[in-house]
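Student: I would like to go through this model one question at a time. Please give the reasoning before each result.

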Amino acid sequence: MRVNVHSVAGKMPRWVDTAVGEYEKRLPRELKLQWRDVPLAARGTNSNAEQLKEREGVAMLKGVSTSDHCVALDGRGKPWTTEELAKQLEQWMMQGQDLSLLIGGPDGLSDACFAAARQRWSLGPLTLPHPLVRVVLAEQLYRAWTITIGHPYHRA
């Protein structure tokens, strides 16, 4: 199963690429993590947040296959424990579909992105900066995978 992370983002700091790369290396071939970034829509003093979100959403959804299981990362989504995420991961893998995770820009995700998503997942009640979301996401996917195979990485 391929995990495609579609996000609205600019260039990431080196520490983010290093951390995410470490977890990508640890994941097995059958759980390949791919990042598909679209640039932030140009913002100015008279920018309309809804229009910016829509523009970013259109660009993001161009890379999502209609056969993918799509999940929107959203603060109002369901907060899963790591064990619940591991169960979700097992279910996603059993479906035989690729997984597309959507991460919005500073104004969030568009209505079209939410409509395309079958699930909404919250990483928790805190507002996290985009670079940190990437690291948390990569680590939690790795941790969830280790739970599914009985690897001792997760010791909770």
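Tutor: Agreed. Keep in mind throughout that this is a predicted model.

Student: Which residues have the most contacts inside the largest nonpolar core?

Tutor: The largest nonpolar core holds 29 residues. Strand E1 (2–8), helix H1 (14–26), strand E3 (69–79), H3, strand E4 (99–103) and helix H5 (130–149) each contribute at least two of them. The residues with the most contacts inside this core are Val 3, Leu 101 and Leu 137.

Student: Which element gives the most to this core, and how many residues does it supply?

Tutor: Several elements supply at least two residues each, among them E1, E3 and E4. The element that gives the most is H5, and its share is eight residues.

Student: Which residues does Leu 137 contact, leaving aside neighbours within four places in sequence?

Tutor: Leu 137 is one of the residues with the most contacts inside the largest core. With neighbours within four places set aside, its partners are Val 5, Trp 35, Leu 73, Leu 101, Ile 103 and Trp 121.

Student: How many residues are in the second, separate core?

Tutor: This second core is separate from the one just described. Its members include Val 38, Ala 72, Phe 114 and Ala 117. The size of the second core is 11 residues.

Student: Is Val 3 buried or exposed?

Tutor: Val 3 lies in strand E1. The cut-off for buried is under 20% relative accessible area. Val 3 has 2% relative accessibility, so Val 3 counts as buried.

Student: What separates the C-alpha atoms of Val 3 and Ser 100 in space?

Tutor: Val 3 has contacts beyond four places in sequence with Leu 31, Lys 32, Leu 33, Gln 34, Leu 99, Leu 101 and Leu 141. Val 3 and Ser 100 are 97 residues apart in sequence. Their C-alpha to C-alpha distance is 5.9 Å.

Student: What joins the side chains of Thr 82 and Gln 140?

Tutor: Thr 82 lies in helix H3 (residues 82–95), while Gln 140 is in helix H5. Not counting residues up to four places away, Thr 82 touches Gln 140, Arg 143, Ile 147 and His 154, and Gln 140 touches Thr 82 and Leu 85. The side chains of Thr 82 and Gln 140 are joined by a polar contact of 2.9 Å.

Student: Why does Gln 140 count as buried?

Tutor: Buried means a relative accessible area under 20%. Its partner Thr 82 is buried at 16%. Gln 140 is also buried because its relative accessible area is 18%.

Student: Is Thr 81 buried or partly exposed?

Tutor: Thr 81 lies in the loop between E3 and H3. Thr 81 and Ala 144 are 63 residues apart in sequence, with 9.7 Å between their C-alpha atoms. At 40% relative accessibility, Thr 81 counts as partly exposed.

Student: Which residues does Cys 113 touch, not counting those up to four places away in sequence?

Tutor: Cys 113 lies in helix H4 (residues 111–116), and at 0% relative accessibility Cys 113 counts as buried. Cys 113 and Pro 39 are 74 residues apart in sequence and 16 Å apart in space, C-alpha to C-alpha. The residues that Cys 113 touches are Gly 57, Met 60, Leu 61 and Leu 102.

Student: Which residues does Glu 54 touch, not counting those up to four places away in sequence?

Tutor: Glu 54 lies in helix H2 (residues 49–61) and counts as partly exposed at 30% relative accessibility. The C-alpha atoms of Glu 54 and Ala 112 are separated by 7.5 Å, although the two are 58 residues apart along the chain. The contacts of Glu 54 are Ser 110 and Asp 111.

Student: Which residues lie nearest the centre of the largest pocket?

Tutor: The largest pocket has a volume of about 640 Å³. Its lining consists of 29 residues, which divide into 16 nonpolar, nine polar and four charged. The residues nearest the pocket centre are Leu 73, Gly 104, Gly 105, Thr 127 and Leu 128.

Student: Which element gives the most to the lining of that pocket?

Tutor: E3, E4, strand E5 (119–122) and H5 each supply at least two lining residues. With four residues, the element that gives the most to the lining is E3.

Notes. Residues numbered from 1 in each chain as written. Predicted model: local features only at pLDDT ≥ 70, side-chain atom pairs only at ≥ 80, totals over all residues. Heavy atoms only, no water. Buried < 20%, exposed > 50% of the residue type's maximum accessible area, 1.4 Å probe, protein only. Polar contact = N/O pair within 3.5 Å; in protein donor to acceptor, adjacent residues only side chain to side chain. Contact = heavy atoms within 4.5 Å. Core = buried A, V, L, I, M, F, W, Y, C linked by side-chain atoms within 4.5 Å. 1 Å grid on protein atoms, 1.4 Å probe; cavity = no way out; pocket = protein on both sides within 12 Å on 5 of 7 lines; lining within 4 Å. Points joined across faces, edges and corners; volume = space filled by probe spheres on them. Nonpolar A, V, L, I, M, F, W, Y, C, P; charged D, E, K, R; others polar.
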